Amino acid sequence: MTSDLRARHDAGRARERAASLAPVALWTAVVGRSRRHVSVDSALLAVALGVAAALRMVNLGSVGLNSDEAVYAAQAASMSGNPHFTAVFPVVRAHPLLLQMLMSPLYRSGVPDTVGRYVAAGFGIATVVLVYVLGRVLYDRRVGAVAALLIAVMPYHVMISRQILLDGPMTFFATGALTCLALGARTERRRWFVAAGACLGMAALSKETAIILLGSGFVFLSLANQLWRPVRFLLAGVGLAVGIAWSYPLLTVLAGGARSGQSYLLWQLTRKPNHSFGFYLVDVGAAVGFLLLAVIAVDLIVRRVSSRSYSWRETLLLSWAGVPLLFFQVWPVKGFSYLLPIAPVVAVLAARALCPSADRVPSRRRRVVSAVALSACLATLAVPAVAGVVSPATSGLAGAGGTPGGREVGRWVAANVPEGAQLMTIGPSMANLIQYYSGRRSDGLSVSPNPLHRNPTYQPILNADAALKSGHYQYVVWDAYSAGRSPQFAARALELAHRFHGQIVRVQSGRLHGKSGQQLIVIYKVTP
């Protein structure tokens with residue numbers, strides 16, 4: 001009997017000890033698993049940053065600037081007082097000057113070109129970090145790390161962040177605003193909404209189209225109406241965003257450039273459509289990744305069917321992407337880079353779809369399917385991204401890459417064309433490049449004489465025959481890029497060159513549309 005009681009007593013002691021040690025064992029298991037997960041996620045983030053830096057920094061100078069890059073870099077140079085640029089490139093043009101101000105110390109002297117691309121690439125890499133933070137705030141570390149990896153290799157983001165374009169810095173600040181909104185919704189600390197307004201104002205100072213994202217914020221808050229109160233924080237955020245955004249036009253007015261700014265606005269509002277209605281779906285969709293978009297669509301449909309509603313997280317992301325997508329789809333002018341602020345949303349939504357749920361242990365089959373799908377998505381993104389770095393795009397699509405041959409011809413003009421000579425080009429794109437690299441005045445045939453239909457900076461050639469007969473222009477330039485966009489004016493340029501006894505003084509050949517040995521640019525010296 002005594003031995004039986006002792007056995008029961010020992011068994012009870014053992015159960016009590018096991019119960020007391022259970023929390024310790026559970027904590028050890030959780031911490032061990034968490035540490036393993038943290039190490040994996042940290043490794044994914046490190047890989048994402050390394051890949052992002054390589055894809056955005058390597059081979060940046062293989063192709064010269066394109067027209068938009070030349071304008072922004074020249075604005076930076078004019079701001080710093082570089083005499084090579086001040087006579088042909090005014091500081092005040094169509095967009096704000098935040099990026100140009102940051103670059104201006106790098107363009108004080110000489111004719112540097114690719115140095116500004118490193119500044120733009122820095123914004124691109126920083127955006128990858130913000131995407132990780134956004135994914136972690138909305139979901140967890142794994143989603144953040146995978147989202148960072150996806151946007152690191154996304155051809156759309158890689159291509160644009162390798163160029164001196166305003167959309168890269170705008171997307172960085174816009175992603176910061178989105179992250180602040182997510183923090184405000186998650187923590188219910190409304191001060192984050194004020195920070196979101198400040199970030200959105202900085203995005204608008206990078207490129208004025210970012211102000212559209214105010215509509216995205218209002219749509220989200222309307223759907224998640226419990227976040228409206230107290231309203232003073234929302235009003236402060238909106239006021240800060242608008243106040244920062246309006247600082248540029250206000251300074252322009254004070255500097256005496258109000259009339260120029262109004263001309264730019266009028267021109268933007270009256271521009272003719274430049275692409276078909278399906279441009280964003282076909283061209284931008286291919287750069288973002290059709291497989292990635294398909295994964296997101298399937299995941300959203302499955303979630304909608306299973307839960308019949310989305311959480312505030314999906315509501316925020318879809319609102320942020322939906323408003324600019326709808327706006328620019330309806331807007332007649334469609335730019336390749338206009339939808340770049342949507343890229344972080346695509347990366348986070350795709351990462352959420354590709355990562356096993358964090359609230360339950362995924363089955364082995366689920367893990368295998370997720371790993372295969374993620375690998376396929378990464379492969380379809382990384383291959384064209386690497387190809388674009390090794391062999392930069394020559395499609396001629398504005399914002400899709402540099403302009404082959406432009407730098408070489410511009411430098412040839414600087415060395416061989418007398419100062420004071422002027423050149424007639426097919427369009428303003430090649431004129432910008434020649435002016436950038438050579439400092440010689442160039443004007444485009446295709447510039448409309450109607451002030452409503454042209455960029456106010458460009459001067460139209462009202463009577464090309466009379467201008468050539470009087471010796472106002474001494475050279476006519478034909479280029480394949482402009483000829484593909486304006487065949488009528490390209491034929492007109494060749495006609496004028498032959499009529500005024502044009503002699504070929506420079507032929508620049510190179511690769512175009514995947515074919516080498518193509519005539520890219522031909523310069524004719526003409527006589528009255």
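These questions and answers walk through a predicted model.

Me: At what angle do helix α15 and helix α18 cross?
Reply: Helix α15 spans residues 290-307, and helix α18 spans residues 364-390. Their axes come within 8 Å. The crossing angle is roughly 145°.

Me: Which residues of α18 make the contact with α15?
Reply: On the α15 side, the contact uses L291, L292 and V295. By class, this contact has 6 nonpolar, 1 polar and no charged residues. The α18 side supplies A376, C377, T380 and L381.

Me: Why do C180 and C199 not count as a disulfide?
Reply: A disulfide needs two cysteine sulfur atoms within 2.5 Å. The closest cysteine sulfur to that of C180 is in C199, and the closest to that of C199 is in C180. The pair is too far apart for a bond, because the distance is 4.3 Å.

Me: How many disulfides does the count come to?
Reply: The cut-off is 2.5 Å between cysteine sulfur atoms. By this rule, the count is 0.

Me: Is C180 buried or exposed?
Reply: Buried means under 20% relative accessible area. C180 has 9% relative accessibility, so C180 is buried.

Me: Which residue of β2 is the bridge partner of Q422?
Reply: Strand β1 covers residues 422-425, and strand β2 covers residues 441-444. The two run parallel and are joined by 4 bridges. The partner of Q422 in β2 is R441.

Me: Through which helix does the chain cross from β1 to β2?
Reply: The connection is a β-α-β crossover, and this crossover is right-handed. The helix takes up residues 428-438. Its name is α20.

Note on methods. Residues numbered from 1 in each chain as written. Predicted model: local features only at pLDDT ≥ 70, side-chain atom pairs only at ≥ 80, totals over all residues. Heavy atoms only, no water. Axes fitted to C-alpha atoms, helices over the stretch in contact; angles between N-to-C directions. Contact = heavy atoms within 4.5 Å. Nonpolar A, V, L, I, M, F, W, Y, C, P; charged D, E, K, R; others polar. Buried < 20%, exposed > 50% of the residue type's maximum accessible area, 1.4 Å probe, protein only. Pairing = 2+ DSSP bridges. Right-handed = clockwise from strand over helix to strand, strands pointing away.
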